[in-house]
Amino acid sequence: MLPKWSTKKIALSAVVGVAVVGSAVAVAAWQTSGSGPGYAKAQTASVLTLSDASASSSADLYPGATGSLTLKVTNANPFPVKVTSVALQSGGVVTSNKGAACDASTGVSVTAQTGLAAAVAANATATLTVANAVAMSNASDNSCQGATFTIPVDVSAVSNAS
Amino acid sequence: MTARNLTGVAAAVAAAATLAAPAAGSWTASARGNGFNRAKTIQATAVAAPTAVLQTTKNVRVTWSTAAFVEGGAITTYVVRRYPAAGGGAATIRAACAGPISALTCTENNVPAGSWVYTITPALGKWTGLESPRSLPIVTA
């Protein structure tokens, strides 16, 4: 049998705890729960970051061909994620390392990909290859031969804990 | 609610709140950055000179070898050109060798009388490779 003051303290603790959980549910898209001795500590989940994957990209584009999009994704969260979709940024422009003539007419287009399940482990960086995400038309300038294309994209991911 | 029950609730709430990872699919995020791709390169050397063979007095069959990308893979379309053997600019190529040819041979019909040589150039859209050396001359009547 607990004394009255103790009962109130436990009740207050429960209310605070529920409030924290409720908050976590409300912002579940952006926060994870951290560990702590008897209290909840909200921890903001890290966003994914994309970095230079040009050295890992495959040379598979030419006029009339489809090719793969290479992404280097860093997941700084303590839980695994999977990339589920990728698309060209709204208003995004594909550029090359071959100069103005190629940039003016790369001929490169991006087909938005959904339903992907490209896993990235917790606290890890992974190089992902998304097949058939890009294509090159006959409009590609001759100077684009051998070009490395930089393609601005938006990527979506979800937690992938087992 | 009794103090014992409250203790249980508090423990359960604390346990739920200290999970290290969100359930699969419950956490979503977007990222913005760059993806990459590289383009192939047509081989830096010209294909061998094509072979031109007279089929009739006015029809010439031209045959050539495959060009490739440096990174691998055959190039599938070519441009055929015909020049006066004595020199000068390219003449208008006729059917069925006009335009990009998706084959390794074609037969040009109704070739004007004269002595001619042929060349082959790999071509994909605006991409082009080096023009081949000229074929041996062939005479049409």
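Me: Two strands are said to pair if DSSP finds at least two bridges between them. In this predicted model, what makes strand β4 of chain A and strand β1 of chain B a pair?

Reply: Strand β4 (residues 59–61) of chain A and strand β1 (residues 28–39) of chain B are joined over 2 bridges. The requirement is at least two bridges, so the strands count as paired. The sense of this pairing is parallel, and Ala59(A) stands opposite Arg38(B) in β1(B).

Me: How do you know that strand β11 of chain A is joined to β1(B), and in which sense do the strands run?

Reply: Between β11 (residues 148–159) of chain A and β1(B) there are 11 bridges. Because a pair needs at least two bridges, the 11 found here satisfy the criterion. These strands run antiparallel, and Thr150(A) stands opposite Phe36(B).

Me: What joins β2(B) to strand β3 of chain B?

Reply: The two strands are connected by 4 bridges and run antiparallel, β3 covering residues 60–63. With at least two bridges required, the 4 present suffice, and the strands are therefore a pair. Within β3(B), Val62(B) is the residue opposite Ala52(B).

Me: Why are β2 and β5 of chain B called edge strands?

Reply: The open sheet has 3 strands in the order β2-β3-β5 of chain B, with antiparallel pairing. Strands β2 (51–54) and β5 (105–108) each pair on one side only, and these are the edge strands. On average, neighbouring strands of this sheet are turned by 20° against each other, direction ignored.

Me: Why does Asn77(A) count as buried or exposed?

Reply: Asn77(A) has 23 C-beta neighbours inside 10 Å. The cut-off for a buried residue is 20 or more, so Asn77(A) is buried. This residue is found in the loop between β5 (66–75) and β6 (81–88) of chain A. Its C-alpha atom is separated by 33 Å from that of Asn97(A), 20 residues apart along the chain.

Me: Why does Asn123(A) count as it does, given its C-beta neighbours inside 10 Å?

Reply: Asn123(A) has 13 such neighbours. An exposed residue has 12 or fewer and a buried one 20 or more; the value of 13 lies in between, and Asn123(A) is therefore partly exposed. Asn123(A) is placed in the loop between β9 (118–120) and β10 (124–136) of chain A. Its phi is positive, about 50°, although Asn123(A) is not a glycine.

Me: What is the class of Asn132(A), and why?

Reply: For Asn132(A) the number of C-beta neighbours inside 10 Å is 12. Because the exposed class takes in 12 or fewer, Asn132(A) is exposed. Asn132(A) is found in strand β10 of chain A. Although not a glycine, Asn132(A) has a positive phi of about 60°.

Me: Which peptide bond is cis, and what is its omega?

Reply: The bond from Ala95(B) to Ala96(B) is cis, with omega near 5°. Ala96(B) lies in the loop between β4 (78–84) and β5 of chain B.

Me: What is the confidence in chain A, as given by pLDDT?

Reply: The mean pLDDT of chain A is 79, and 72% of its residues reach 70 or more. Over residues 1–43 of chain A, pLDDT stays under 50. The chain as a whole comes to 2 helices and 11 strands, and 36% of its 162 residues count as buried.

Terms used. Residues numbered from 1 in each chain as written. Chains lettered and ligands numbered in written order. Predicted model: local features only at pLDDT ≥ 70, side-chain atom pairs only at ≥ 80, totals over all residues. Axes fitted to C-alpha atoms, helices over the stretch in contact; angles between N-to-C directions. pLDDT = per-residue confidence, 0-100. Contact = placed C-beta atoms within 7 Å.
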